[in-house]
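User: Take a close look at one buried polar residue in this model and at what surrounds it. Then carry on through the cores, the ring pairs and the sheets.

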Amino acid sequence: IRQTNVQEGEAGGITQQIGATYFPVEAIKTKTAVMNRDGQQEYKIPGLLVIDTPGHESFTNLRSRGSSLCNIAILVVDIMHGLEPQTLESLRLLRERKSPFIVALNKIDRIYGWEPIPDNDFRSSLEKQSRSVQRQFEDMTKKIITAFAEQGLNAVLYYENKSFARNVSIVPTSAVTGEGVPDMIMLLVNLTQQRMSDRLMYLSELECTVLEVKVIEGLGTTIDVVLSNGILHEGEKIVVCGLNGPIVTQIRALLTPQPLRELRIKSAYVHHKEVKAALGVKIVAPDLEKAIAGSRLLVCGPDDDEDDLMDEVMADLTTLLNSIDKSGRGVCVQASTLGSLEALLDFLKSSKIPVSGINIGPVHKKDVMRAATMLEKAKELACILCFDVTVDKDAERLAEEMGIRLFKADIIYHLFDAFTAYNNEIMEAKRKDAAPQAVWPCRLKTIAAFAKRDPIILGVDILDGTLRVGTPLCVVKIDPETQKKEIIDLGKITSLEINHKSFEIVKKSQAGGGVAVKIEHAVYQSAKMFGRHFDEKDEIYSHITRQSIDASFKADVSNEEWLLIKALKPPFSADIPTMTAHNEATDLPPPQATDAERDSANALDEDEIKLRKLGYKQSLHRSWHFVESFAASFVAMNFIGGVRSGFFLGLLAGGPAAIWSSYIISMIFMFITAAVLAEICSALPLSGSIYIWSAESAGPKYARFFGFIVAWWSTTAWMTFAAGNCQTTANYIVSQLAVWEIDFPGGISNDNVKWRALIWAISEGVLLLSIAINYLPPRLYSAVFKFSVALYATYGFRSAKEVFTMTYNGTGAPAGWNWILSFLFTAGTMIGFDASGHIAEETKNASVVAGKGIISSVVATGVLGFATTILFLFCTPDLDTLFALEAPQPFVQIYALALGKGGSIVMTAIATLGLILSTSVAIVAASRLIFAVARDGVLPLSGWIGKVDEAKQPRNAVTVMFAFGAVLLCTILPSQVAFTSLISAGGIPTTAAYGLIALLRLTMTPNDFKSSHFYLGRWRIPFYISTVVFNAIVFAVQVSPFFFPTTAETFNFAPVILGVVTIFGVMSWYFVPEDKWLRREQILQQLKVADEPLEGNESEVTTLPELPEVSGPKLDLEHAD
């Protein structure tokens, strides 16, 4: 528009800073004269302020700063290249900010054969082109329109656009010849005048945003601002956001560029006493060195409170400081403007290059001295990346003397490439220095001994790895009594031969019939003898140490060798310390590993590291994946068994109409509840995790109190659930007696002690079988999980007979409460999805997989349970017949009515098997809870209960679970009512725990757990509120009497049981010493880990003690929205 070439002044032809140019209305009239030959066009606007944002994809933050200011945007698209990555990024920014925009389809003069007509309107120019050029233009335009359609946008040429609200206008232009530019300006004028006049009204309230902070010779540090509304006066006191706190200063000069010139272009500026919006202004004032671009500028008037304005302006820092990474270890970065610095920091962060210091402006000696601190910590990081800045000669000389590398470039990619090349040089030098220490892994079996000592010559078979000359060999002896390991060093390999031919390296595939190995010990080592110190029964290993692992470079090591290094770690645990976050990289698979292997190994390492950060060692096996995590909750919820067990309750409370309507509501809110639990589960993936979740949700002050209560609630819920499942299974089996009309001595009644004894015996047998399944090794139990899912997904459906749509009141409750009581069935079928969290320490990549297991299992249970419920509503007989069935489990009689007596046996067998598997999974969840509590030393015999077996399973905790369940089932013998009362609290504590966790998240820790892969962001508050309200309703239903009026027989004992359990929880909290369980420092540490940024490691976390709390990356998105 200006007919100047700013990009030639920009390195690489890419706009790398933001500039603002004002176009007065006279200039606009001149430019659009070819479009207004009849003089009918009205010009109501005083002018246009155009902000030129960078197009390079590394400058997203600069573009976002510009696009948040604009009323309308021009998206420039190259007709020759289409929608490039940076174009798509700009589209995303415009959509996020709901900014209206037009598309300038630039470089039409590059179309082959185009005959330019300078400064002409596009349609006239196109008419004068040859037909082949017109066809070429049409083809290119169609491709661009298709590309926009793929992004969900309707784009059309501006003169064909009939609906500006629905379609994006495309204006073909040529910046070189000026063709199409009049069309674009005219379109902008008309759009702003006709469709945006209400948004463009001038307001007296000041709106001003800092675009750039820049040092100008003769003026010092200045700020370029865009004045969107209001008036600025010379001499006014202003407040801007600064790196070290708010900056209060006075305007010394207000400068604007010459008309049609940019703020960035160094030229004579026009001085003003006052400026009026909208305008790009350069402000000269003292103390602007630490001002932050992108923040607001406020004017402090005589009636304004300066402290309030300072607080208000510093609020902007939260969203801007996330891109600045100041850690104790990394490179130093220097840029000409803070906007450019932000772009460079983002680029370095994505490239995993740490940054220790930042600055704006020329590089001086003090900057070199700051970078010199890295010489001792990490020489490869002792450098300064100078982006678009000058370097002082004294500073350059000092850097050369001290060995500090200065990388200077005007293009961000060139800077990165230069640093990467330098880093590779350093790594190569390190590789050469460390080569003598590198030990290649191998595992050997002795075939024959040719010389037993000085030197030892053996014939060996290579079991794993690679043999190399120079590899130190050893054997590991274990004392059978003390189990203490003794490493016996044999010496180093000095020669290798196969069939009398010497080799430097022998791979496993080359060994064939064996390899002759000569082993010689060092002068400082004692000689070892074959037959005395070791024999053919002992496996021989390469002696791996921490130093040797650090010296092994992943690029040179095969995938098998890295896996072998991991396998060899346990024998040398004395030499190789447990991995920590600092050296976790050495445990990762090499680059050539497959994606699945790399993901599996990385996830395992990250899981162990996170567990250690949370204060625990990895003692359980970690071999389960998403299928097992999903199955744990899916099978525990037992959607078909749950539907059958609670179906009659739903029919009594409201009938079929209440069932399907309340089921839909339950599905929606249980999905939300699952999302809330998945969020915290991802941040804290621990065994017995639900009480840890509640403790951490309560914050440090109340963590112990709520942790104790929920621990008791959850343990009670899962233990009673398992016992109740056993009795339900027994009822299925004995119901066959009613189907086949077999007389039982004393009758089929709970008043008959013989009948109760039968129920008890079968229940104990079911419990014993479920416990036995739990003793299976992890890999076999994984098959149980998978079989359970298949079983639940493939049975339970029959042909439809009759459709019921009526309501029914079998509870005697008032009509409204009668309908609400149906939630006892519908919500009850979806309780128990926290089981995925309880096995988190046994799940690979638990931070992601456990949360996925929670969400996917409740969605699957809700959808499949709803479908099953609808089918059962179609398939059951009329309600009078239904409620007249007298079997302990009426569904068995329904099967007999529908399928015949023989068919009912098959369905009973399938149902029984499903319930046994559900019970087994409930025992998994309960035993992990018991294990977690015992691990912390709270329970009697904690040392024994918290032990794991050889397969790394908490077998003793499973045994405790069996003992508790067996005792609980014994209460069936004296009284069925006693047993029913004890297990009545099965689902209630879990519901209470779900609601309580959400309430604590809402009130105590709403902004924590940012390390979660399922962080809810801006949705978290409505999700917490929804979870609290819905679970409160379900809790009220669960503690309410079911039949009205209430009698001694129909009294609901669940609240009594829950009250007793809660009292036990409170007493435990009071009497258990604080240093015994849920210690304050443990809570604080776990909360710190849960709040760590998702992607970064410890060295990348921004810490600024003197500033307010800085939000994580996800909050940044929230504030941006």
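Analyst: Gln 953 counts as buried, because its relative accessibility is 4% and the cut-off for buried is under 20%. The model is predicted. Gln 953 sits in a loop, with helix H31 (942–945) on one side and helix H32 (955–970) on the other. Which residues does Gln 953 contact, leaving aside neighbours within four places in sequence? There are contacts with Leu 620 and His 621. A run from Asn 774 through Tyr 775, Leu 776 and Pro 777 to Pro 778 also touches Gln 953. Arg 928, Lys 947 and Val 948 complete the list.

Now the nonpolar cores. In soluble globular proteins, nonpolar side chains tend to be buried together. The largest core here holds 120 residues. Leu 684, Tyr 691, Trp 693, Trp 713 and Phe 833 touch the most other members. Helix H22 (residues 699–739) gives this core its largest share, 15 residues. Another core lies apart from it, with 39 residues. Val 331, Ala 382, Leu 385 and Ala 409 are among them.

Trp 713 deserves its own view. Neighbours within four places in sequence are again left aside. Trp 713 is then in contact with Pro 989, Ala 992, Ala 993 and Leu 996. Leu 1058, Val 1061 and Thr 1062 are also in contact with Trp 713.

Next, the aromatic rings. A pair of rings is described by the distance of the centres and the angle of the planes. The count comes to 17 aromatic pairs. One of these joins Phe 705 and Phe 706, edge-to-face, at 5.2 Å centre to centre with 80 degrees between the planes. Phe 705 is partly exposed, at 26% relative accessibility. Phe 706 is buried, with a relative accessible area of 17%. Phe 705 also pairs edge-to-face with Trp 1069. Here the centres are 5.0 Å apart and the planes stand at 85 degrees. This pair links distant parts of the chain: Phe 705 belongs to helix H22 and Trp 1069 to helix H36 (residues 1054–1071), 364 residues apart. Trp 1069 counts as partly exposed, because its relative accessible area is 31%.

Elsewhere, ring pairs join Phe 122, Phe 137, Tyr 158 and Tyr 159 into a cluster. Trp 440 has a charge over its ring: the charged end of Arg 468 sits 3.9 Å from the ring centre.

Finally, the sheets. One open sheet has three strands in the order E11-E10-E16, with antiparallel pairing. Its edge strands are E11 (247–250) and E16 (297–299), each paired on one side only. The twist averages 30 degrees from one strand to the next. Strand E10 (residues 237–240) pairs with E16 over three bridges, in the antiparallel sense. Ile 238 stands opposite Val 299 in E16. Helix H7 (residues 306–314) lies across E10, E11 and E16, at about 35 degrees to E10.

Another open sheet has five strands, ordered E7-E8-E15-E12-E13, also with antiparallel pairing. Strands E7 (207–216) and E13 (270–272) each have a single partner strand, so one side of each is left without a neighbour in the sheet. Neighbouring strands are turned by 35 degrees against each other on average, direction ignored. Within this sheet, six bridges join E8 (residues 220–229) to E15 (residues 279–284), and the two run antiparallel. Asp 224 stands opposite Lys 282 in E15.

Note on methods. Residues are numbered from 1 along each chain as its sequence is written. This is a predicted model: local features need pLDDT of at least 70, side-chain atom pairs count only at pLDDT 80 or more; totals for chains, interfaces and linings use all residues. Side-chain values use heavy atoms; hydrogens and water are left out. A nonpolar core is a set of buried Ala, Val, Leu, Ile, Met, Phe, Trp, Tyr and Cys residues joined through side-chain atoms within 4.5 Å. Buried means under 20% relative accessible area, exposed over 50%, partly exposed in between (1.4 Å probe, protein chains only). Helices (H or I, at least four residues) and strands (E, at least two) are DSSP runs, numbered from the N terminus. Contact means heavy atoms within 4.5 Å. Rings of Phe, Tyr and Trp (its six-membered ring) pair if their centres lie within 6.5 Å; planes under 30 degrees apart count as stacked, over 60 as edge-to-face and the rest as tilted. A charge sits over a ring if NZ of Lys or CZ of Arg is within 6 Å of the ring centre and within 35 degrees of the ring normal. Two strands pair if DSSP finds at least two bridges between them. Axes are lines fitted to C-alpha atoms, for helices over the stretch in contact, and angles run from 0 to 180 degrees between N-to-C directions.
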